[in-house]
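Here's a quick tour of a fold, from the overall picture down to single side chains. Keep the viewer open while you read.

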Amino acid sequence: MSLSKLFSLEGRVALVTGGSRGIGKIIAKAYIEQGAKVYISSRKAPACEETAAELGPNCIPIPHDVSTVAGCQALAADIAAREDHLDILVNNAGAAWGAPFEEFPESGWDKVMDLNVKSPFFLTQALHGLLKRQASHDRPSKVINITSIDGLRLNPWETYSYHASKSALIYLTKRMAARLVKDGIIVTSLAPGAFASEMNRAARDHGDEVAKSIPMRRIGDFDDMAGAAIFLASRASDYVVGDTLVVDGGLVNAALGTSIEP
């Protein structure tokens, strides 16, 4: 393959959950610019449709709530009614919850664990047939789980279920990779650090302050996330299996005793 095509997604079909905003929207836009046809899903139909209109005709809104197994199966059925195969699945939909230890509620545990751990597994399971339909070891399909550096390190906030869920998803990525690689499906994880988003309001609203704790002295931007996500979806990463790519400006691997809000 020509190096000029190593990162191309021309002709590929992708699904990005939580694709209407934040990191999911960045990934959807990046894939479209690399030639993919991208379905974006979120539970809020207007937001989904607005983003699709912004990103153009190769972005198709397909709103579903994937917080339940039934919702994952409904989304998979909707994709199957439109496509005979799927090349790329990005499990990006997620939730966070913070509360003091003494007050942390069961609802804040279950909501986060269900959406961040259970849903990626059951959506991938429901889409397994489509993912392996045209997959081979020479041209694999890709499943990319969006985890977090908070699955690798502590932050100073009491986000108990979020920490647990992202750590679990990193290891679940390895277990899924071990099984699905034989079907020509590569599973990896992308662990972002500080990117401006609704979930990371500290980076969004106080980016300059947050940047002081990051070795690279800035929060992540579009190109940082787009480059990592394209790499994991493209031919360039076909020999990378079950690993987690950390995109955080050095917080996990180069920070000296610093920490920031998730």
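## The big picture

Half the story is on the inside: 50% of the 262 residues in the protein are buried. Keep in mind that this is a predicted model. The C-alpha atoms fit a box of roughly 50 × 40 × 40 Å along the principal axes. For 262 residues, a compact globule would have a radius of gyration near 18 Å, and the protein's 17 Å agrees with that.

The accessible surface comes to about 12200 Å², and carbon and sulfur atoms account for 53% of it. Looking at contacts with a separation of 6 or more, 70% are between residues 24 or more positions apart. As for secondary structure, count on 10 helices and seven strands.

## The sheet

In what order do the seven strands of the open sheet lie? Reading across, you get E3-E2-E1-E4-E5-E6-E7, with parallel pairing. Strand E3 (59–61) and strand E7 (244–247) sit at the edges, each pairing on one side only. From one strand to the next, the twist averages 20°. Helix H6 (residues 160–180) packs on this sheet, where it touches E5, strand E6 (185–192) and E7. The direction of H6 makes about 165° with that of E6.

## Strand E4 and its neighbors

Now zoom in on strand E4 (residues 88–91), which runs parallel to strand E5 (residues 141–146) and is joined to it by four bridges. Valine 90 has isoleucine 144 as its bridge partner in E5, while asparagine 91 has asparagine 145. E1 also runs parallel to E4, with three bridges between them. There, alanine 14 stands opposite isoleucine 88 of E4.

In a regular strand, side chains alternate between the two faces of the sheet. Which way do the E4 residues point? Ile88 and Val90 go one way, Leu89 and Asn91 go the other, and all are buried.

## Two nonpolar cores

In soluble globular proteins, nonpolar side chains tend to be buried together. Here the largest nonpolar core has 31 residues, and the members touching the most others are Ile27, Tyr31, Val38, Val90, Ile144 and Leu190. At least two residues of this core come from each of strand E1 (13–17), helix H1 (22–33), strand E2 (37–41), helix H2 (45–55), E4, E5 and helix H9 (222–233). A second, separate core has 30 residues, including Ile60, Val143, Leu169 and Leu180.

Valine 38 is a handy one to click on. Leaving out residues up to four places away in sequence, valine 38 touches Ala14, Val16, Ala28, Tyr31, Ile32, Asn58, Cys59 and Ile60.

## A close look at leucine 123

Leucine 123 is found in helix H4 (residues 106–126). Is leucine 123 buried or exposed? Its relative accessible area is 1%, and buried means under 20%, so leucine 123 counts as buried.

What does leucine 123 touch, not counting residues up to four places away in sequence? The contacts are Thr17, Cys72, Leu75, Leu89 and Asn91. Two of those names, Leu89 and Asn91, should ring a bell: they point the same way from E4. Looking along the chain instead, glutamate 106 is 17 residues from leucine 123 in sequence, and their C-alpha atoms are 24 Å apart in space.

How values were computed: Residues are numbered from 1 along each chain as its sequence is written. This is a predicted model: local features need pLDDT of at least 70, side-chain atom pairs count only at pLDDT 80 or more; totals for chains, interfaces and linings use all residues. Side-chain values use heavy atoms; hydrogens and water are left out. Two strands pair if DSSP finds at least two bridges between them. Axes are lines fitted to C-alpha atoms, for helices over the stretch in contact, and angles run from 0 to 180 degrees between N-to-C directions. Contact means heavy atoms within 4.5 Å. A nonpolar core is a set of buried Ala, Val, Leu, Ile, Met, Phe, Trp, Tyr and Cys residues joined through side-chain atoms within 4.5 Å. Buried means under 20% relative accessible area, exposed over 50%, partly exposed in between (1.4 Å probe, protein chains only). The radius of gyration is taken over C-alpha atoms; the globule rule is 2.2 Å times the number of residues to the power 0.38. Accessible areas come from the Shrake-Rupley method with a 1.4 Å probe; for residues, only the protein chains shown count as cover.
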